[in-house]
Amino acid sequence: MKKVNRVVVIGTGAVGTSYCYSMINQGVAEELVLIDINEPRAEGEAMDLNHGVPFAPTPTKVWKGSYEDCGDADLIVITAGAPQKPGETRLDLVEKNAKIFKGMIKSIMDSGFNGIFLVASNPVDILTYVTWKESGLPKEQVIGSGTVLDSARLRYQLSSHFNVDPRNVHASIIGEHGDTELPVWSHAKIGLNDMETVMKKENINQEDLDQIFVDVRDAAYQIIERKGATYYGIGMSLCRITKAILNNENSVLPVSALLEGQYGHENVYVGVPAVVNRQGIREIIEIKLSDREKEQFDHSVKVLKETMKPVL
């Protein structure tokens, strides 16, 4: 008999529930367990989500659970933590969320959990590192959402600019999920054409591309200013990563992974392209960066390492 896939979601705020909603609509897992410090909230969200299951492509069992339910989980997705407020950077959240995480990871590991962690709480790169350290699990089993959402935003903006299906735009953002992230223009493609070819054909220059990137980098601030939080995009991004894991896809996604010499850095979690499958991160893909991109990536890693110091 086939083992059912159990996914535990910790944190039933806007991000956690948007993720669950995407999971049910896409029929990704058989079991969804919701855990929150606010137990009535978790129970209410489970009830509401269950009422949509009759319209889902496949049955999904959803319930309010506890840390004991983590023992049999294949994947634990963490969206809990203090949210980013207007005017606050993701890195401003470091100390308060690191403290929350340390207690949470201990409770999870006490259940006997030996699956994969997928971390979405900000600052995601640092909190993924904290999760890896506190859990004691192999690095392959601890993944951060990294720059998957940022890359999706970039693909969307480029698709709008060039009037091309975003699924045919191949472009990534790497580095910190935050203000020091960078676009990898040297590997970007619209369809099968590289960016240099597209720029000549469409008569656009580097300044135009730079503005597209600024709009992508600052998208979260723009959304938070207007509606208070971002959650649909990250919810669907987490669902995409989950599918890659549970379906053993070996998909290449720009997730937050532990560097051990790749790109000239070590002992830091940061957004880089990696092959994701049922074991977690199969391998990090090391792409050749331009001199400018390498300089920007080095700066991003430096900022992350400096910000990590108070919590490690």
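Which residue's side chain meets that of Asp74 in a salt bridge? In this predicted model, the partner is Arg278, with N and O 2.8 Å apart. Let us start from that pair and walk outward.

Arg278 sits in the loop between E13 and strand E14 (280-284), while Asp74 sits in the loop between strand E3 (61-64) and strand E4 (75-78), so the salt bridge ties together parts that are 204 residues apart in sequence. The two ends are not equally covered: Asp74 is buried, at 14% relative accessible area, whereas Arg278 is partly exposed, at 28%.

To place this pair in the wider fold, look at the domains. The domain assignment of the protein gives domain 1 as residues 6-144 and domain 2 as residues 147-308. The contact between them draws 38 residues from domain 1 and 41 residues from domain 2. Their C-alpha centres are 23 Å apart. The size of an interface is often given as the accessible area lost when the parts come together. Here, domain 1 and domain 2 bury about 3,300 Å² between them, and 68% of that area is on carbon and sulfur atoms. Salt bridges are part of the picture too, with 2 of them found across the interface of domain 1 and domain 2.

Now turn to helix H10, residues 291-308. Its 18 residues should span 26 Å at 1.5 Å a residue, and the end C-alpha atoms are indeed 26 Å apart, so expectation and model agree. Which residues of H10 are buried? They are Glu293, Phe297, Ser300, Val301, Val303, Leu304, Thr307 and Met308. These residues cover an arc of only 160 degrees around the axis, and therefore lie on the same side of H10. Turn the helix around and you meet the exposed residues Asp291, Glu295 and Lys302, carried on the face directed away from the buried side.

What covers the buried residues of H10? The cover includes helix H3 (94-109) and helix H4 (124-135), together with four strands: E8 (173-174), E9 (182-183), E12 (251-260) and E13 (266-277).

H10 also has a salt bridge within its own length, where the side chains of Lys294 and Asp298 meet at 2.8 Å, N to O. The two residues are 4 apart in the helix, which means that about one helical turn separates them. Both partners are partly exposed: Lys294 has a relative accessible area of 32%, and Asp298 has 27%. Elsewhere, salt bridges that share partners join Lys3, Asp74 and Arg278 into one network, which brings our opening pair back into view. The structure holds 14 salt bridges. One of them links Asp165 and Arg167, with the closest N and O atoms 2.9 Å apart. In that pair, Asp165 is partly exposed at 30% relative accessible area, while Arg167 counts as exposed at 64%.

Helix H7, residues 206-217, can be read in the manner we used for H10. At 1.5 Å a residue its 12 residues should span 16 Å, and the distance between its end C-alpha atoms, 16 Å, agrees. Leu209, Ile212, Phe213 and Val216 are its buried residues. Viewed down the axis, they fall within an arc of 100 degrees, so they line one face of H7. What do they pack against? Their neighbours are helix H5 (148-162), helix H6 (195-202), helix H8 (219-227), and the strands E8 and E9. E8 and E9 also appear in the cover of the buried residues of H10.

Finally, a few points of backbone geometry deserve a look. The peptide bond from Asn122 to Pro123 is cis, its omega being near 0 degrees. Pro123 belongs to the loop between strand E5 (116-119) and H4. Tyr263 has a phi near 60 degrees, a positive value in a residue other than glycine. This tyrosine lies in the loop between E12 and E13, and at 3% relative accessible area Tyr263 is buried. Asn267 likewise has a positive phi, near 60 degrees. Asn267 has its place in strand E13 and is partly exposed, with a relative accessible area of 40%.

Terms used: Residues are numbered from 1 along each chain as its sequence is written. This is a predicted model: local features need pLDDT of at least 70, side-chain atom pairs count only at pLDDT 80 or more; totals for chains, interfaces and linings use all residues. Side-chain values use heavy atoms; hydrogens and water are left out. The expected span of a helix is 1.5 Å times one less than its number of residues. Buried means under 20% relative accessible area, exposed over 50%, partly exposed in between (1.4 Å probe, protein chains only). The arc is that of the directions from the helix axis to the C-beta atoms. Contact means heavy atoms within 4.5 Å. Domain bounds come from an automatic or database domain assignment. Buried area is the accessible area (1.4 Å probe) that two parts lose on being put together, summed over both. A salt bridge is a side-chain nitrogen of Lys or Arg within 4 Å of a carboxyl oxygen of Asp or Glu.
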